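Thanks for coming. I will go through one structure today, piece by piece, and you can follow along on the screen.

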Amino acid sequence: MTKADIVERIHQKIGFSKKESAEMVETVFSILKSTLEDGEKIKIAGFGNFVVKRKADRRGRNPQTGETITINARRILTFKPSQVLKNAINSATKEGK
């Protein structure tokens, strides 16, 4: 599913114009992005949690040369689905969807 697909579904389900739907989607994504950039968690009830975690420097190996290298510290984004979402996905699987 793409952003355009989300806009189209909002347009169909709620009846907003496509322009209004696109603005709404862009606004929501912008808020999510800036919140995560600031290192804050996002908890969406019935959906899941987005969390920015820090990974420390670590040693790695260049597979071509075998040389030991340092992989720099970085932040990663993780998503943990809620139990409600897990149950919905698993019940859809059982029903053959």
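Which residue follows H1, and is its phi positive or negative? The residue is Gly 15, and its phi is positive, near 90°. Before going further, please keep in mind that this is a predicted model.

Let me stay with helix H1 for a moment. H1 covers residues 3-14, which makes 12 residues. At 1.5 Å a residue it should span 16 Å, and its end C-alpha atoms are indeed 16 Å apart, so the two values agree.

Next comes helix H2, residues 18-37. H2 has 20 residues, and from its first C-alpha to its last it reaches 28 Å, close to the 28 Å expected at 1.5 Å a residue. Its buried residues are Ser 21, Val 25, Thr 35 and Leu 36. Where do they sit around the helix? Looking down the axis of H2, the buried residues fall within an arc of 105°, so they line one face of the helix. As background, an α-helix has 3.6 residues a turn, so residues three or four places apart point the same way. On the face of H2 turned away from the buried side we find the exposed residues Lys 19, Ile 31 and Lys 33.

What covers the buried residues of H2? The cover includes H1, E1, E2 and E5. Two of these buried residues are worth a look on their own.

Take Ser 21 in helix H2. Its relative accessibility is 0%, so Ser 21 counts as buried. Leaving aside neighbours within four places in sequence, Ser 21 is in contact with Val 7, Ile 10, His 11 and Phe 16. Three of the positions just named, Val 7, Ile 10 and His 11, fall within the range 3-14 of helix H1.

Now Thr 35, also in helix H2. Thr 35 has a relative accessible area of 17%, and the cut-off for buried is under 20%, so Thr 35 is buried. Not counting residues up to four places away in sequence, Thr 35 touches Glu 40, Lys 41 and Ile 42. Just after H2, Gly 39 takes a positive phi of about 85°.

On to the sheet. How many strands does the open sheet have, and in what order? There are three, in the order E1-E2-E5, with antiparallel pairing. E1 and E5 stand at the edges with a single partner strand each, so one side of each has no neighbour in the sheet. Direction ignored, neighbouring strands of this sheet are turned by 20° against each other on average. In general, strands of a sheet pair through backbone hydrogen bonds, either parallel or antiparallel.

Take the two pairings in turn. E1 and E2 pair in the antiparallel sense over three bridges, and here Ile 44 stands opposite Gly 48 in E2. These two strands form a hairpin with three residues between them, and in the turn Gly 46 has a positive phi of about 80°. E2 and E5 are also antiparallel, over eight bridges. In that pairing Gly 48 stands opposite Pro 81 in E5, and Asn 49 stands opposite Lys 80 in E5.

That brings us to the aromatic rings. How many aromatic pairs does the structure hold? It holds three. In one of them, the rings of Phe 47 and Phe 79 have their centres 5.4 Å apart and their planes at 50°, so the pair is tilted. Phe 47 lies in the loop between strand E1 (42-44) and strand E2 (48-55), while Phe 79 lies in strand E5 (residues 74-81), so the pair ties together parts that are 32 residues apart in sequence. Both rings belong to partly exposed residues: Phe 47 has a relative accessible area of 37%, and Phe 79 has 36%.

Phe 79 has another partner. The rings of Phe 50 and Phe 79 have their centres 4.7 Å apart and their planes at 45°, so this pair is tilted as well. It links distant parts of the chain, with Phe 50 in strand E2 and Phe 79 in strand E5, 29 residues apart. Ring pairs thus link Phe 47, Phe 50 and Phe 79 into a cluster.

Last, helix H3, residues 83-94, which holds Val 84. Is Val 84 buried or exposed? At 54% relative accessibility, Val 84 counts as exposed. The C-alpha atoms of Val 84 and Gly 66 are separated by 45 Å, and these residues are 18 apart along the chain.

Key
Residues are numbered from 1 along each chain as its sequence is written. This is a predicted model: local features need pLDDT of at least 70, side-chain atom pairs count only at pLDDT 80 or more; totals for chains, interfaces and linings use all residues. Side-chain values use heavy atoms; hydrogens and water are left out. Rings of Phe, Tyr and Trp (its six-membered ring) pair if their centres lie within 6.5 Å; planes under 30 degrees apart count as stacked, over 60 as edge-to-face and the rest as tilted. Helices (H or I, at least four residues) and strands (E, at least two) are DSSP runs, numbered from the N terminus. Buried means under 20% relative accessible area, exposed over 50%, partly exposed in between (1.4 Å probe, protein chains only). Two strands pair if DSSP finds at least two bridges between them. Axes are lines fitted to C-alpha atoms, for helices over the stretch in contact, and angles run from 0 to 180 degrees between N-to-C directions. The expected span of a helix is 1.5 Å times one less than its number of residues. Contact means heavy atoms within 4.5 Å. The arc is that of the directions from the helix axis to the C-beta atoms.
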